[in-house]
Amino acid sequence: GAGALGPRPRRIRVPSRGAGSPAAPRAAPDSPAAEPPPWSALSVPVYSLATVPATGATAGDSAQRASMNITTYCCPVTITPSRKFAVALYTHTATARNMLATGRGVLQILRKQHLDLVSVLGKQSAHDVDKLSLIREEGYDIVERFGAPTLADAFGVVALEIVSIETAGDHHLALCEVVAHQTLDAGEGEPLYTGDLPKP
């Protein structure tokens with residue numbers, strides 16, 4: 001891969017996911033089921049955040065295996081003096097625990113052909129299953145980029161390093177520095193958006 005991002009210690013501790021905790025975000029308890037929020041009508045990019053377990057002093061804070069998830073609460077927020085992304089990490093998930101323990105992750109821009117991976121990436125937990133094995137079983141190749149396993153045919157990848165964390169209810173909001181990025185030629189297909197996802 002290009003320039004591995006080695007894990008670094010973090011002071012943020014995220015407890016293990018409790019029994020029965022979901023692998024995907026749920027609506028807030030007070031959200032009227034019949035009245036979806038207006039922003040739900042917007043189509044936004046679908047990303048997958050690739051993370052690896054920590055080593056050393058923070059190893060106990062991370063999950064036991066590498067993970068990829070589905071991320072839609074994510075956007076670029078600055079251009080100068082350096083590019084930054086805001087990424088919401090769903091608390092207790094393997095992805096959140098890995099990224100908070102290492103301080104790093106690789107954001108993948110998915111393509112429309114990855115639609116059939118959404119159930120693996122977003123509706124199952126790496127605490128329970130080996131997502132990388134399931135992805136390979138679906139016929140997709142995985143390659144290491146910036147120290148994390150990524151989809152070979154992703155549209156692009158962005159290596160992130162956490163700058164600060166804000167605890168926000170069921171998520172941690174991570175402000176991240178963009179330390180590297182690549183637009184890839186490994187596959188064909190337009191970027192995947194939430195408007196392409198099946199309606200619940």
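Helix α1 (residues 94–102; helices are DSSP runs of H or I of at least four residues, strands runs of E of at least two, numbered from the N terminus) is largely enclosed by the rest of the structure, because 9 of its 9 residues are buried, meaning under 20% relative accessible area with a 1.4 Å probe on protein chains only. This is a predicted model, where local features need pLDDT of at least 70 and side-chain atom pairs count only at pLDDT 80 or more, while totals for chains, interfaces and linings use all residues. Residues are numbered from 1 along each chain as its sequence is written, and side-chain values use heavy atoms, leaving out hydrogens and water.

**Around helix α1**
- The buried residues of α1 include Arg97, Asn98 and Met99.
- They pack against β1 (47–51), β2 (67–68), β4 (84–90), β5 (104–109), β8 (156–168) and β9 (171–183), with contact taken as heavy atoms within 4.5 Å.
- Gly103 follows α1 and has a positive phi, near 80°.

**Cysteines**
- The count is 0 disulfides, a disulfide being a pair of cysteine sulfur atoms within 2.5 Å.
- For Cys75, the closest cysteine sulfur is that of Cys74, at 6.7 Å, too far for a bond.
- Cys75 is partly exposed, at 36% relative accessible area; partly exposed lies between the buried limit of under 20% and the exposed limit of over 50%.
- Cys176 is buried at 0% relative accessibility, and its sulfur is 8.1 Å from the closest cysteine sulfur, in Cys74, again too far for a bond.
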